[in-house]
Amino acid sequence: MCGIVGYVGPKSTVDVLLGGLKRLEYRGYDSAGVSVINQQGDLETRKRAGKLAILVDDITKTPLGEAHIGIGHTRWATHGAPTDGNAHPHLGGTTQKLSLIHNGIIENFAELKSELLEAGAVFASETDTEVAAHLVAAEYDKSGNLIESFRTVVRRLHGAFTILVMHEDEPGVVLAARRNAPLVIGLGDGENFLGSDVAAFVEHTKRAIAVGQDEIVILRKDSVEIENFAGDKVTREEFVIDWDASAASKGGWSSFMAKEIADQPQAVGDTLMARLGSDGNVHLEELASLTSLIPNIDRIILVACGTAAYAAEVGKYAIESWARIPVSVELSHEFRYRNPILTKNTLVVAVSQSGETMDTLMATRFAKEAGANVLSICNTQGATLAREADAVLYTHAGPEVAVASTKAFTAQITSMYLLALHLATARGTHSLNELQEIGRELLKLPAQIAEVLASSDAIRTLGKNFKDAKTVLFLGRNVGFPIALEGALKLKELAYIHSEGFAAGELKHGPIALIEQGQPVIVIVPSPADPDSLHAKVVSNIQEVRARGAQVIAIAEQGDTEVAKYAVEVIYVPKVHQMLAPILTVVPLQIFAMELSAAKGLDVDQPRNLAKSVTVE
Ligand code: M6R
């Protein structure tokens with residue numbers, strides 16, 4: 001889950017690499033490094049443990065030479081602690097003329113390392129990556145052909161990797177290979193780029209190519225060739241990046257997370273755009289390839305991890321209720337290893353912001369092999385998941401940089417509402433009028449999120465006030481339950497506070513024992529207009545925890561005066577169709593976690609131990 005960037009062209013390479021790494025830093029931030037071949041033809045490498053800023057400082061004080069070719073890396077450690085020595089790039093061979101960076105895990109590195117040690121190689125790090133550097137250097141010493149040497153080595157590697165390599169004796173070319181890890185090419189005019197995702201180069205070009213599985217790229221300033229590991233030429237279609245480069249910058253906000261929370265009206269609006277008419281009719285052209293399957297779907301399995309899995313949980317309620325198809329939500333890493341029953345009439349929906357989460361990718365491949373159809377709900381153009389699925393429904397949240405997912409979450413839920421309405425319309429489970437009415441409610445969401453954001457002072461203050469809390473509990477029912485889980489996850493990952501989300505009805509079955517005097521409990525309260533009178537049940541749950549000393553903060557619908565009697569604070573959100581409430585109720589919870597984290601002096605965008613895109617199993 002590291003970030004990689006490569007460049008060949010006339011611009012100042014160090015600037016291009018550091019700019020690309022800045023936008024990829026969300027992928028890992030425990031060390032960073034770059035290699036360039038300077039104008040004198042010498043390979044120069046600089047790498048430092050810690051965040052990218054440390055490397056940037058170092059290079060500012062002692063600049064690298066002017067160069068027009070280079071590679072850069074930002075690391076999330078797997079093999080070897082985050083030290084200067086383990087940071088990438090790694091140099092290969094005794095002459096140290098070859099530089100290599102890697103994202104992924106080389107599973108057979110121990111065996112390859114023994115072979116190299118026997119041959120006299122000297123290792124400077126504890127990483128799996130360094131074996132690849134020595135192997136390519138050794139092959140090159142034998143053959144004098146860099147491409148052939150690289151091809152020979154990548155064929156020997158097992159596991160997941162995107163590898164970039166360059167050699168002082170071949171100063172015009174960067175080679176790249178990918179297996180089970182992302183790699184995208186950026187096509188420029190007299191310059192070309194490589195990146196883990198398009199964010200690496202979107203400020204320089206909007207033209208891109210997604211590299212396929214087991215493919216090698218030969219990148220020069222005025223040419224790009226792709227071949228498979230056997231050396232056969234491959235043609236891949238170019239696509240146009242629809243992200244605006246400025247969307248991947250903070251633009252004056254205190255953090256990317258603050259900006260991304262504020263982006264949510266647009267993220268939801270853009271996800272609806274061109275798919276939902278003002279009459280409330282849904283048109284999902286992207287699902288055309290699934291048309292003949294839709295009447296026959298007997299089961300939907302939503303696979304995802306983390307926040308995406310909580311979005312999927314909300315999707316389950318909507319799809320079951322509107323399209324009347326049985327739905328289960330499975331954590332990708334559990335699903336893949338428990339021999340689930342899949343048929344050609346099973347639709348597996350893989351939900352992922354990055355489209356590169358290895359657990360979700362493996363679940364998807366497994367489902368396809370078992371004969372199921374796969375739809376991906378994905379935010380990143382050209383991502384592996386989008387390419388491997390039978391159909392893709394893109395969320396249009398724009399680049400999400402903060403590690404804690406916010407706007408991707410609300411956009412994922414929005415996509416699942418659209419999917420549910422599309423399936424319901426196709427299967428005729430409800431009258432068109434009813435479905436259109438829900439569609440028209442969906443159209444109001446962007447303005448309603450903006451309203452929640454505009455009245456967020458109270459939740460911001462609460463976040464600051466609870467900075468010393470040791471534990472925070474979240475309760476919800478029905479679609480409020482996944483929001484309770486998401487609120488708790490946000491707090492864990494951002495503020496390092498123990499927090500748990502519970503189904504409010506489950507409380508009396510055990511968790512209520514946790515409640516003691518002063519315990520903060522945040523409750524997502526359903527609408528009082530709820531036909532199943534869940535409101536009354538949740539108010540009872542509030543009274544139960546209050547009676548045991550809890551301080552209750554309620555997230556409730558405007559006009560809900562009943563709940564105000566039992567809560568120390570009520571955060572009101574606009575009245576909305578009960579199924580759509582999660583898009584509004586999650587926003588105060590995101591803000592609460594962000595403010596609490598900031599009040600503790602923590603890094604909101606890059607919490608400890610995490611990376612945004614988890615590309616290892
Ligand atoms: O890219 P994905 O949506 O597949 O990522 C899944 C999870 O790793 C991700 O949602 C994670 O839980 C977030 N850091 C939560 O904020």
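Around the largest cavity of this predicted model there are 18 lining residues, and those nearest its centre are Val525, Pro526, Ser527, Gln578 and Ala581. Two elements each give two or more residues to this lining: strand S23, which spans 551-557, and helix H19, which spans 581-599. H19 holds the largest share, with 3 residues. Sorted by class, the lining of the largest cavity counts 10 nonpolar, 5 polar and 3 charged residues. The volume of the largest cavity is about 190 Å³.

How many cavities of 30 Å³ or more does a search of the whole structure find? The search turns up 5. The second largest of them has a volume of about 100 Å³, and 14 residues line it, with Tyr26, Asp197, Trp243, Gln353 and Thr380 closest to its centre. Its lining is made up of 5 nonpolar, 4 polar and 5 charged residues. Keep Gln353 in mind, as the ligand brings it back below.

Now to the open space. The largest pocket holds about 600 Å³. Its lining runs to 25 residues, and Cys305, Gly306, Thr307, Lys612 and Val614 lie nearest the centre. Four elements supply two or more lining residues each: H8, strand S17 (346-352), helix H10 (358-369) and H16. Among these, H8 gives the most, with 4 residues. By class, the lining of the largest pocket divides into 11 nonpolar, 10 polar and 4 charged residues.

Here are the three spaces side by side, if you like to scan values quickly.

| Space | Volume | Lining by class |
|---|---|---|
| Largest cavity | about 190 Å³ | 10 nonpolar, 5 polar and 3 charged residues |
| Second largest cavity | about 100 Å³ | 5 nonpolar, 4 polar and 5 charged residues |
| Largest pocket | about 600 Å³ | 11 nonpolar, 10 polar and 4 charged residues |

Where does the ligand fit into this picture? The space that the ligand takes is the largest pocket. A shell of 13 residues surrounds the ligand, and the closest are Ser352, Gln353, Ser354, Thr357 and Glu493. This shell has 4 nonpolar, 7 polar and 2 charged residues. Helix H8 (306-323) and helix H16 (480-495) each supply at least two residues of the shell, and H8 gives the most, with 3 residues. H8 therefore stands out twice, as it also gives the most to the lining of the largest pocket. Backbone atoms meet the ligand at several points. A backbone N or O atom of glutamine 353 lies 2.6 Å from an oxygen atom of the ligand, and one of threonine 307 lies 3.2 Å from a ligand oxygen atom. For valine 403, a backbone N or O atom lies 3.1 Å from a nitrogen atom of the ligand. Taken alone, the ligand exposes 410 Å², and the protein buries 90% of that.

Two backbone details may also interest you. Histidine 88 and proline 89 are joined by a cis peptide bond, with omega about 0°. Proline 89 is found in the loop between strand S4 (67-75) and strand S5 (90-92). Asparagine 180, a residue other than glycine, has a positive phi near 55°. Asparagine 180 lies in the loop that runs between strand S8 (170-179) and strand S9 (184-187).

Conventions: Residues are numbered from 1 along each chain as its sequence is written. This is a predicted model: local features need pLDDT of at least 70, side-chain atom pairs count only at pLDDT 80 or more; totals for chains, interfaces and linings use all residues. Side-chain values use heavy atoms; hydrogens and water are left out. A residue is near a molecule or strand if one of its heavy atoms lies within 4 Å of it. A polar contact is a pair of N or O atoms within 3.5 Å; within protein, one must be able to donate a hydrogen and the other to accept it, and residues adjacent in sequence count only if both atoms are side-chain atoms. Accessible areas come from the Shrake-Rupley method with a 1.4 Å probe; for residues, only the protein chains shown count as cover. On a 1 Å grid over the protein atoms alone, a cavity is a set of points where a 1.4 Å probe fits but cannot get out, and a pocket is an open set with protein on both sides within 12 Å along at least five of seven lines; lining residues have an atom within 4 Å of a point. A molecule sits in a cavity or pocket if more than half of its atoms lie within 2 Å of its grid points. Ala, Val, Leu, Ile, Met, Phe, Trp, Tyr, Cys and Pro count as nonpolar, Asp, Glu, Lys and Arg as charged, and the others, Gly among them, as polar. Grid points are joined across faces, edges and corners, and a volume is the space filled by probe spheres set on the points.
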